Amino acid sequence: MELDNVPPVAISALNSSQWQTHGEMMISHLNWSPDEYVGLSMWIEDIDNTHYKTSRVFMPEPILKALKTNVPVSRHNLQSFLQRSANTDATGEQGRVRPMSLSNKKMLDAVLALVQWGTMILFDYLTGNYDRVSSMLDGADKDKNPEILQEPIRNLRRSKYGGAKLWMVDNESGFLEAYDLMYGQLDNGRRYVKFHEQMLQTMCLFQKNVTSKLEELHKMAQPEEFLKNFAAGRDRLLLKIEETKTAWW
């Protein structure tokens, strides 16, 4: 999908040589088994992990509204939202109008955020990720409390250096474990399939390069084999995990 906002993750076997010098004490402290595998995520300087209030991300108003009304976000109903976004900072103290460039930037940031949300919805559906929006939909449904969806989104962070870039972090709740949950646990799994389908129904705006890649994948005779081989070609331990079925991420 050519995404540049998903931190790379490498798989590591705890019984490998890289853990023998300083890792043994940590493995013992965490009660990990030496036969297990872990995911090592690249440190991204642009992700702000120290100031939670400034890095947290909320569900955009149009998507929240689409969930409630079953009317997806499209170019036809987006204009009023963008105008409100532009006007949020268009007036300063005592009603003075701020430079138009500021309101234009607010509008641009709103568009970029929505586009990234569209990509995230597709990414989470494709990987089956259940620990971002899906888990919040699950909580809102179980507790009959839709206000949960107005809380900060899990595992989604804003760029440390400003701008509209959103980072999708902690994506280990996807692929192998997620597919087992969604398609191997009957009723409970079906709930998460439904949540992903709900999110897909909220958007009609997607990045062209992302949809082009998905169209290519859809045309393949065995897209699942392509994805598995693509991942295994970059991390050979993935095949061992599939063989042993003992891994956790």
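**Loops, core and salt bridges in a predicted model**

N70 is found in the loop between α3 and α4. In this predicted model, N70 sits just after α3 and takes a positive phi of about 65°. That is worth a second look, as N70 is not a glycine. Most residues other than glycine have a negative phi. Is N70 buried or exposed? Its relative accessibility is 66%, and the cut-off for exposed is over 50%, so N70 counts as exposed.

N155 makes a handy partner for this story. Phi of N155 is near 60°, again a positive value in a residue other than glycine. This residue also belongs to a loop, namely the one between α6 and β3. Here, though, the relative accessible area is 12%, and N155 is buried. One asparagine with a positive phi is thus exposed, while another is buried.

Now for the whole chain. It has 11 helices and four strands. Of its 249 residues, 37% are buried. What share of the contacts with a separation of 6 or more comes from residues 24 or more positions apart? The answer is 68%.

Next comes the inside of the model. The largest nonpolar core has 35 residues, and M59, I63, W117, V133, L156 and M199 have the most contacts inside it. Two or more residues of this core come from each of α3 (61–69), α4 (79–88), α5 (100–127), α6 (133–142), β4 (166–168), α7 (176–184) and α8 (186–200). Which element gives the most? It is α5, with six residues.

M59 gives a closer view of this core. Once its neighbours within four places in sequence are left aside, M59 is in contact with L64, L67, W117, V133, L149 and I153. Away from all this there is a second, separate core of six residues, which includes I11, A13, Y37 and L237. Back at α3, the helix just before N70, the buried residues are P62, I63, L64, A66 and L67. Two of the residues on that list, L64 and L67, also turn up among the contacts of M59. Helix geometry helps in reading such a list. An α-helix has 3.6 residues a turn, so residues three or four places apart point the same way.

Helices α6 and α8 both feed the largest core, and they also pack against each other. Their axes are 9 Å apart, and the angle between them is about 110°. Angles of 65 to 115 degrees count as roughly perpendicular, so α6 is roughly perpendicular to α8. On the α6 side, the residues that meet α8 are V133, S134, S135, L137, D138, D141 and K142. On the α8 side, they are R191, Y192, F195, H196 and M199. How do the residues of this contact divide? Five are nonpolar, three are polar and four are charged. V133 and M199, which take part in this contact, are also among the residues with the most contacts inside the largest core.

The charged residues bring in the salt bridges. The structure holds seven of them. One joins R191 to D138, with the closest N and O atoms 2.4 Å apart. Because R191 lies in helix α8 and D138 in helix α6, this pair ties together parts that are 53 residues apart in sequence. D138 has a relative accessibility of just 7%, so this residue counts as buried. R191 also meets D141 in a salt bridge, at 2.9 Å from N to O. D141 lies in helix α6 as well, so this second pair ties together parts that are 50 residues apart in sequence. Unlike D138, which is buried, D141 counts as partly exposed at 33% relative accessibility. Salt bridges with shared partners join D138, D141, K142 and R191 into one network.

Another salt bridge pairs the side chains of K165 and D4, at 3.6 Å from N to O. What does this pair tie together? K165 lies in the loop between β3 (156–158) and β4, and D4 in the segment before β1 (9–13), so the bridge ties together parts that are 161 residues apart in sequence. K165 is partly exposed, at 29% relative accessibility. D4 has a relative accessibility of 56% and counts as exposed.

Definitions and conventions. Residues are numbered from 1 along each chain as its sequence is written. This is a predicted model: local features need pLDDT of at least 70, side-chain atom pairs count only at pLDDT 80 or more; totals for chains, interfaces and linings use all residues. Side-chain values use heavy atoms; hydrogens and water are left out. A nonpolar core is a set of buried Ala, Val, Leu, Ile, Met, Phe, Trp, Tyr and Cys residues joined through side-chain atoms within 4.5 Å. Buried means under 20% relative accessible area, exposed over 50%, partly exposed in between (1.4 Å probe, protein chains only). Contact means heavy atoms within 4.5 Å. A salt bridge is a side-chain nitrogen of Lys or Arg within 4 Å of a carboxyl oxygen of Asp or Glu. Axes are lines fitted to C-alpha atoms, for helices over the stretch in contact, and angles run from 0 to 180 degrees between N-to-C directions. Angles under 35 degrees count as roughly parallel, over 145 as roughly antiparallel, 65 to 115 as roughly perpendicular and the rest as oblique. Ala, Val, Leu, Ile, Met, Phe, Trp, Tyr, Cys and Pro count as nonpolar, Asp, Glu, Lys and Arg as charged, and the others, Gly among them, as polar.
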